[in-house]
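Colleague: I'm new to this one and would love a close look at a single part, the nonpolar core. Could you walk me through it?

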Amino acid sequence: MTRINSSIGESIKSIPKGESFIDFDFLKGADLRHDWTLQEIKEILDLPLMDLLWRAQIAHRSYNPGYKVQLASLLSVKTGGCSEDCAYCPQSVHNDTEVDPIPTLQVDSVLQKARVAKDAGADRFCMGWAWREIKDGIAFDSMLEMIRGVRKLGLEACVTAGMLTDNQALRLAEAGLTAYNHNLDTSPEHYSKIISTRTYEDRLKTLQRVRTAGITVCCGGIIGMGESISDRASLLRVLATLNPHPESVPINALVAVEGTPMGDLSSIDPLEMVRMVATARIIMPKSKIRLSAGRQQLGREAQILCLQSGANSIFYGDMLLTTSNPEVEADRKLLSDAGVQVNFPLD
Ligand code: SF4
């Protein structure tokens with residue numbers, strides 16, 4: 001619901017510089033819902049673009065004043081050789097791609113990269129392991145050490161490493177983990193076309209374990225994998241009916257990689273990404289909406305529209321796990337040109 005106070009009827013000219021005629025305080029809390037229906041979300045996704053952008057901006061400005069953007073850096077700690085069969089992923093052993101398994105990075109080397117990311121302006125450091133699930137042992141102990149080290153640097157720490165047990169989630173929380181990423185990828189209806197080696201229910205249980213351990217949840221999906229608009233709405237409905245909403249919602253566009261079953265799919269229209277971001281912002285107004293994989297295909301203007309309509313984090317750095325990402329300098333210029341505030345001074 002949008003309330004515009006009566007000053008609009010008098011004269012917009014009389015509004016003091018820097019003040020809005022929209023009562024943003026009134027909006028706070030008004031739209032934080034967990035009972036969204038598929039039909040409602042489809043209608044939002046399908047709004048005329050200008051109306052969608054307007055609604056998204058109202059939600060965004062009311063919950064996230066100041067257009068601040070968080071810079072997150074993502075490092076692949078364990079690359080390739082994953083036993084899962086995600087159809088989009090170059091790291092799956094089921095897909096014949098140029099990504100070869102490489103030895104897992106050691107703690108020192110990861111922390112060195114975290115320092116570099118911090119110096120470049122990131123304040124969240126995300127680490128990925130191409131695993132079906134976390135296994136106890138040396139590798140898990142190293143992961144805990146990396147988390148402690150990243151937190152000591154003053155950075156938020158996020159891990160993505162597949163499924164986990166209750167006890168592993170508690171140990172991650174004890175190490176100071178800020179967030180655990182586990183994406184739903186797509187809608188429950190489209191899911192079987194993307195992956196067969198773990199169920200949607202498995203994913204939801206993992207998210208619950210993370211939540212119960214007191215770690216914040218990072219969970220989103222990918223568009224451009226042959227899904228329908230209804231599938232996109234359905235994915236968003238699952239996310240927006242979690243209570244609480246995931247604190248972080250990465251929205252990815254497929255990066256089609258040769259050798260995967262999705263290697264021949266064409267890129268989405270950038271405005272589809274804008275619609276997805278805007279809708280996510282409206283229905284999960286407090287969450288960090290992260291503009292993630294596929295940014296390179298969007299172009300500057302569409303990225304700025306995404307920022308305008310509610311994206312308040314980007315992955316920053318030259319690589320996203322195994323696919324390329326816009327260069328740091330290009331990102332700095334983009335953010336500066338967009339006039340958004342970031343976690344480091346732009347010069
Ligand atoms: S679980 Fe992760 S690393 Fe493994 S195939 Fe799926 S997306 Fe790739």
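To set the scene, what share of the contacts in the chain with a separation of 6 or more comes from residues 24 or more positions apart?

Modeller: Happy to help! Residues 24 or more positions apart account for 77% of those contacts, where two residues are in contact if their C-beta atoms, placed from the backbone, lie within 7 Å. Please keep in mind that this is a predicted model: local features need pLDDT of at least 70, side-chain atom pairs count only at pLDDT 80 or more, and totals for chains, interfaces and linings use all residues. Residues are numbered from 1 along each chain as its sequence is written.

The chain has twelve helices and twelve strands; these are DSSP runs numbered from the N terminus, with helices (H or I) of at least four residues and strands (E) of at least two. Of its 347 residues, 45% count as buried, meaning that 20 or more other C-beta atoms lie within 10 Å of a residue's own, while 12 or fewer makes it exposed and anything in between partly exposed.

Now to the core itself. The largest nonpolar core contains 94 residues, and Val159, Met273 and Val277 have the most contacts inside it. Its biggest contributor is helix H10 (residues 270-283), with eight residues. Such a core is a set of buried Ala, Val, Leu, Ile, Met, Phe, Trp, Tyr and Cys residues joined through C-beta atoms within 7 Å.

Val277 is a good place to zoom in. Beyond its neighbours within four places in sequence, Val277 is in contact with Ile251, Ile289, Leu291, Cys306, Ser309, Gly310 and Ala311.

For a contrast in setting, look at Ser142 in helix H6 (residues 138-152). Ser142 counts as partly exposed because it has 16 C-beta neighbours inside 10 Å.
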